[in-house]
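Student: I would like to learn how to read a fold feature by feature. Could we work through an example?

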Amino acid sequence: MPEFQIRPLRSSDFDRVLWLERDLFGSGAWTYGMLADELAGLGRWYIVATVDEPGTIGPDPVIGYAGLWFDGDDAQVMTIGVARNYQRSGVGRLLLDALIERARQLKAEAVLLEVRVDNEPALAMYRRFGFEVLAVRKRYYQPEDKDAYTMRLDLRTEPRTATDDGNAA
Ligand SMILES: CC(C)(COP(=O)(O)OP(=O)(O)OC[C@H]1O[C@@H](n2cnc3c(N)ncnc32)[C@H](O)[C@@H]1OP(=O)(O)O)[C@@H](O)C(=O)NCCC(=O)NCCS
């Protein structure tokens, strides 16, 4: 079983991430400019997943990526993707875990995201993490003209630690 690691996204990852974007999202993929603008935005946190497996695409091969935006109240999952040949290996879970952990550290109240209503793998993953559907956004995805669900994971209702309530021993 290959080993996966998470590290911050670097500018040298751009080509690979954009290749993955096009492969995973087709006509809806981010362009170089969109990615560069996004990374330069305030409150962004982008990571990649790499695989430690001989014979893969060169040294430090990137096989997944994800990003978060924190606006001071809530965190928003901006993107998440895993190379087709590594899907269903736990990489998406690793990436989403890291985003949620980051949101917790930032004291975000909730994690929000949009997902195409017909994206079964992503919906299954988000539900597994406890995200709930808030609303439908009609024709959110262009040019595909597809609806999105807005989903939310409430971080305030998560179990508190003993030190949170001041009753720690
Ligand atoms: C969604 C995506 C990121 C999941 O990544 P992944 O590495 O395959 O996910 P994991 O292997 O970590 O699986 C995590 C959980 O997601 C669910 N899941 C993932 N793929 C699934 C599939 N094809 N069918 C059903 N459930 C699926 C499962 O609950 C799984 O947990 P389990 O393996 O313990 O059952 C990946 O399918 C992807 O890159 N899709 C294309 C891009 C995309 O749609 N991104 C989301 C945009 S909102």
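Tutor: We take the sheet, the pocket and a few local features in turn, bearing in mind that this is a predicted model.

Student: How should I read the sheet, and in what order do the strands lie?

Tutor: Strands of a sheet pair through backbone hydrogen bonds, in either a parallel or an antiparallel sense. Here seven strands form an open sheet with mixed pairing, in the order β1-β2-β3-β4-β5-β7-β6. β1 (3–8) and β6 are the edge strands, each pairing on one side only. From one strand to the next, the twist averages 25°.

Student: Which helix packs on the sheet, and which strands does it touch?

Tutor: Helix α1 does, with contacts to β2, β3 (62–70) and β4. The direction of α1 makes about 90° with that of β3.

Student: In which sense do β1 and β2 pair, and over how many bridges?

Tutor: They are antiparallel, with six bridges between β1 and strand β2 (residues 44–52). One pair to look at is Pro8 and its bridge partner in β2, Ile47.

Student: How is a pocket found, and how much space lies in the largest pocket?

Tutor: Rolling a probe the size of a water molecule over the atoms shows where empty space is left. The largest pocket holds about 1,300 Å³. It is lined by 37 residues, and those closest to its centre are Phe25, Ile80, Asn119, Ala122 and Tyr126.

Student: Which element supplies the largest share of that lining, and what classes of residue does the lining have?

Tutor: β4 gives the largest share, seven residues. The elements that each supply at least two residues include α1 (14–25), α3 (91–105) and α4 (120–128). By class, the lining has 19 nonpolar, 10 polar and eight charged residues.

Student: Is Glu132 buried or exposed?

Tutor: The cut-off for exposed is over 50% relative accessible area. Glu132 has 57%, so it counts as exposed. Glu132 lies in strand β6. Leaving aside residues up to four places away in sequence, Glu132 touches Thr150, Met151 and Arg152. The C-alpha atoms of Glu132 and Arg152 are 5.4 Å apart, although 20 residues separate the two along the chain.

Student: Which backbone angles should I check in the loops?

Tutor: Look at omega and phi. The peptide bond from Gln142 to Pro143 is cis, with omega near 5°, and Pro143 is in the loop between β6 and β7 (146–154). Arg88, in the loop between β4 and α3, is not a glycine but has a positive phi, near 65°. Lys107, in the loop between α3 and β5, also has a positive phi, of about 65°. Arg88 is exposed at 86% relative accessible area, and Lys107 is exposed at 68%.

Note on methods. Residues numbered from 1 in each chain as written. Predicted model: local features only at pLDDT ≥ 70, side-chain atom pairs only at ≥ 80, totals over all residues. Heavy atoms only, no water. 1 Å grid on protein atoms, 1.4 Å probe; cavity = no way out; pocket = protein on both sides within 12 Å on 5 of 7 lines; lining within 4 Å. Points joined across faces, edges and corners; volume = space filled by probe spheres on them. Helix = DSSP H or I, 4+ residues; strand = E, 2+ residues; numbered from the N terminus. Nonpolar A, V, L, I, M, F, W, Y, C, P; charged D, E, K, R; others polar. Pairing = 2+ DSSP bridges. Axes fitted to C-alpha atoms, helices over the stretch in contact; angles between N-to-C directions. Contact = heavy atoms within 4.5 Å. Buried < 20%, exposed > 50% of the residue type's maximum accessible area, 1.4 Å probe, protein only.
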